[in-house]
Amino acid sequence: QVQLQESGPGLVKPSQTLSLTCTVSGGSITTKYYSWNWVRQPPGKGLEWMGLIAYDGSTYYSPSLKSRTSISRDTSKNHFSLQLSSVTPEDTAVYYCTRDVGVVTATYDYWGQGTQVTVAS
């Protein structure tokens, strides 16, 4: 059973960088051909895909967030991380890490429980 767990600060100030980590257990983030994604849900809105890091370390980002987003991984710790720079209150959301059964197939078979991040001064 694969488990994902998000961690990081729940409050970030405007203009700062939001940093979250997703720790994976029960499976390796280098296993072919899975990808590891970040998805968020702002209050009262739908899910928004942010980006992914694939089993081979390649990354893909949402065009609308690409200039502010970076996803990296630490294979020795079996975790992957999200950095979102220059945040505004519009980045307030529940952030989820997920596993996709492929690369950009949007077929998520495992999800973290989600972590609330609020952007406020």
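Strands are here DSSP runs of type E with at least two residues, and helices are runs of type H or I with at least four, both numbered from the N terminus. By this assignment, the elements of the protein, a predicted model, follow the order β-β-β-β-β-β-β-β-β-β-β from the N terminus on. The protein thus contains eleven strands and zero helices.

The overall dimensions were examined next. The C-alpha trace extends over about 40 × 25 × 25 Å along its principal axes. The radius of gyration of the protein is 13 Å, which agrees with the value near 14 Å that a compact globule of 121 residues would have. Of these 121 residues, 41% are classed as buried. Among the contacts with a sequence separation of 6 or more, 55% are made by residues 24 or more positions apart. The accessible surface amounts to about 6100 Å², and carbon and sulfur atoms contribute 49% of this area. The protein carries 9 positive and 8 negative charges, and the mean positions of the two sets lie 4 Å apart.

The cysteine pairing was then considered. A disulfide is a covalent bond between the sulfur atoms of two cysteines. The model holds one disulfide under the criterion applied, formed by Cys-22 and Cys-97 with a distance of 2.1 Å between their sulfur atoms. Cys-22 belongs to strand 3 and Cys-97 to strand 9, so the bond ties together parts of the chain that are 75 residues apart in sequence. The torsion about the S-S bond is about 65°, and the disulfide is therefore right-handed. Cys-22 has a relative accessible area of 0% and is accordingly buried, the cut-off being under 20%. Cys-97 likewise counts as buried, at 0% relative accessibility.

Strand 9, which spans residues 93-100, also includes Thr-98. The relative accessibility of Thr-98 is 0%, so this residue is buried. When neighbours within four places in sequence are set aside, the contacts of Thr-98 comprise Leu-4, Ser-35, Trp-36, Asn-37, Val-39, Phe-80, Tyr-108, Tyr-110 and Trp-111. The C-alpha atoms of Thr-98 and Gly-114 are separated by 9.5 Å in space, with the two positions 16 residues apart in sequence numbering.

Several loop residues show notable backbone geometry. Most residues other than glycine have a negative phi, and most peptide bonds are trans. The peptide bond that joins Lys-32 and Tyr-33 is cis, with an omega of about -10°. Tyr-33 is placed in the loop that connects strand 3 (18-25) with strand 4 (35-41).

Positive phi values occur at Asn-78 and Ser-86, neither of which is a glycine. For Asn-78, phi is near 55°, and the residue is located in the loop between strand 7 (69-74) and strand 8 (79-84). Asn-78 has a relative accessible area of 15% and is therefore buried, as this value falls under 20%. For Ser-86, phi is about 50°, and the residue occupies the loop between strand 8 and strand 9. Ser-86 is partly exposed, with a relative accessibility of 43%.

How values were computed:
Residues numbered from 1 in each chain as written. Predicted model: local features only at pLDDT ≥ 70, side-chain atom pairs only at ≥ 80, totals over all residues. Heavy atoms only, no water. Rg over C-alpha atoms; globule rule 2.2 N^0.38 Å. Buried < 20%, exposed > 50% of the residue type's maximum accessible area, 1.4 Å probe, protein only. Contact = heavy atoms within 4.5 Å. Areas by Shrake-Rupley, 256 points an atom, 1.4 Å probe, with all protein chains shown as cover. Lys, Arg positive; Asp, Glu negative; His and termini not counted. Charge placed at Lys NZ, Arg CZ, Asp CG, Glu CD. Disulfide = S-S within 2.5 Å.
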